[in-house]
Amino acid sequence: MPFEFQDLSGTFSVGDIALAMSLAFLLSAMIGWVYRFTHRNVSYSQSYVQTLVILGMLISLIMLVVGSNIARAFALVGALSVVRFRNAIKETRDVGFIFLVMGVGMACGTRFYLLAVVAAVAISLIIVLMYRFNWFASNVQRQVVKVQVPPTGNHTEHIQDVLIRFTSEFELVSMETIRGGALTEMMYTVRLSKGAEPSDLINALAERTGGQRVTVLTGYDQTDL
């Protein structure tokens, strides 16, 4: 039986391929710029944004290959099921951008071009608006207080007395022994009372800890004694 070479690329034209891949690239790049513009923290990764663009084009290519063939779709699911991703996502919003470029890539690959453009632009505008007007931000500012005390003595009650004076609410998060049991470290989340300063809280706690270390974490700032 002679070998027969069959190319199935003729099921779609070169124009279809070029349009789908080009549109997936442009829309994914736009989403990447939106991600960069709206990113607030210091964990920005150029590699992640480049991956978004590649992923959008890759999904578009996969959808072109699968087309309406169910057998290919099941084969693709089986092939991708062996892939394992070990890099942890730093922020939950990063997952949303991954699904966004995947949706845009799927729309381009299945030749729903208008849907891809409208969805990408509309969702990107919503993301920019949420960033610009700081939607869903919480005005409640909390601090983390770490106190080290000797294991003997009734230091917990004395510390809580100070927290009652300087905070409107507090909660014990953890308690553990450190330095081979020589000290006990307690961690609280607190909300300072109106007019109270972290330095006032530190000085009051230092009087009750026997000279051990007291630390107050406020956002990215750390004050300790």
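**Exercise 1. In which handedness of crossing does H2 pass H4?**

Solution. This is a predicted model, in which local features need pLDDT of at least 70 and side-chain atom pairs count only at pLDDT 80 or more, while totals for chains, interfaces and linings use all residues. Residues are numbered from 1 along each chain as its sequence is written, and side-chain values use heavy atoms, with hydrogens and water left out.

Step 1: locate helix H2 at residues 46-66 and helix H4 at residues 92-109, where helices (H or I, at least four residues) and strands (E, at least two) are DSSP runs numbered from the N terminus.

Step 2: the two helices pack at an angle of about 30°, with their axes 7 Å apart; axes are lines fitted to C-alpha atoms, for helices over the stretch in contact, and angles run from 0 to 180 degrees between N-to-C directions.

Step 3: H2 passes H4 in a right-handed crossing, the term for a near helix turned clockwise from the far one by less than a right angle, whereas anticlockwise would be left-handed.

Step 4: the contact (heavy atoms within 4.5 Å) involves residues of H2 including Leu-52, Leu-55 and Ile-59, and residues of H4 including Phe-97, Ile-98 and Val-101.

Step 5: sorted by class, the contact of H2 with H4 has 13 nonpolar, four polar and one charged residues; Ala, Val, Leu, Ile, Met, Phe, Trp, Tyr, Cys and Pro count as nonpolar, Asp, Glu, Lys and Arg as charged, and the others, Gly among them, as polar.

**Exercise 2. Find which residues of H4 are buried, and compare the expected span of H4 with the distance between its ends.**

Solution. Step 1: the 18 residues of H4, at 1.5 Å a residue, should span 26 Å, which agrees with end C-alpha atoms 26 Å apart; the expected span is 1.5 Å times one less than the number of residues.

Step 2: the buried residues of H4 (under 20% relative accessible area; exposed is over 50%, partly exposed in between, with a 1.4 Å probe and protein chains only) include Asp-94, Leu-100, Val-104 and Ala-107.

Step 3: what covers the buried residues of H4 includes H1, H2 and H5.

**Exercise 3. Describe how H1 and H5 are arranged, and place Ser-124 in that picture.**

Solution. Step 1: the axes of helix H1 (residues 14-38) and H5 come within 10 Å and cross at roughly 5°.

Step 2: H1 and H5 are therefore roughly parallel to each other, since angles under 35 degrees count as roughly parallel, over 145 as roughly antiparallel, 65 to 115 as roughly perpendicular and the rest as oblique.

Step 3: by class, the contact of H1 with H5 has 16 nonpolar, two polar and one charged residues.

Step 4: Ser-124 is found in helix H5 (residues 113-132), is buried with a relative accessible area of 5%, and touches Met-30, Ile-31 and Val-34, not counting residues up to four places away in sequence.

**Exercise 4. Locate Arg-111 and Asn-134, and state how accessible each one is.**

Solution. Step 1: Arg-111 lies in the loop between H4 and H5 and has a positive phi of about 65° although it is not a glycine; at 38% relative accessibility, Arg-111 counts as partly exposed.

Step 2: Asn-134, in the loop between H5 and strand E1 (143-149), is likewise not a glycine and has a positive phi of about 55°; its 42% relative accessibility makes Asn-134 partly exposed.
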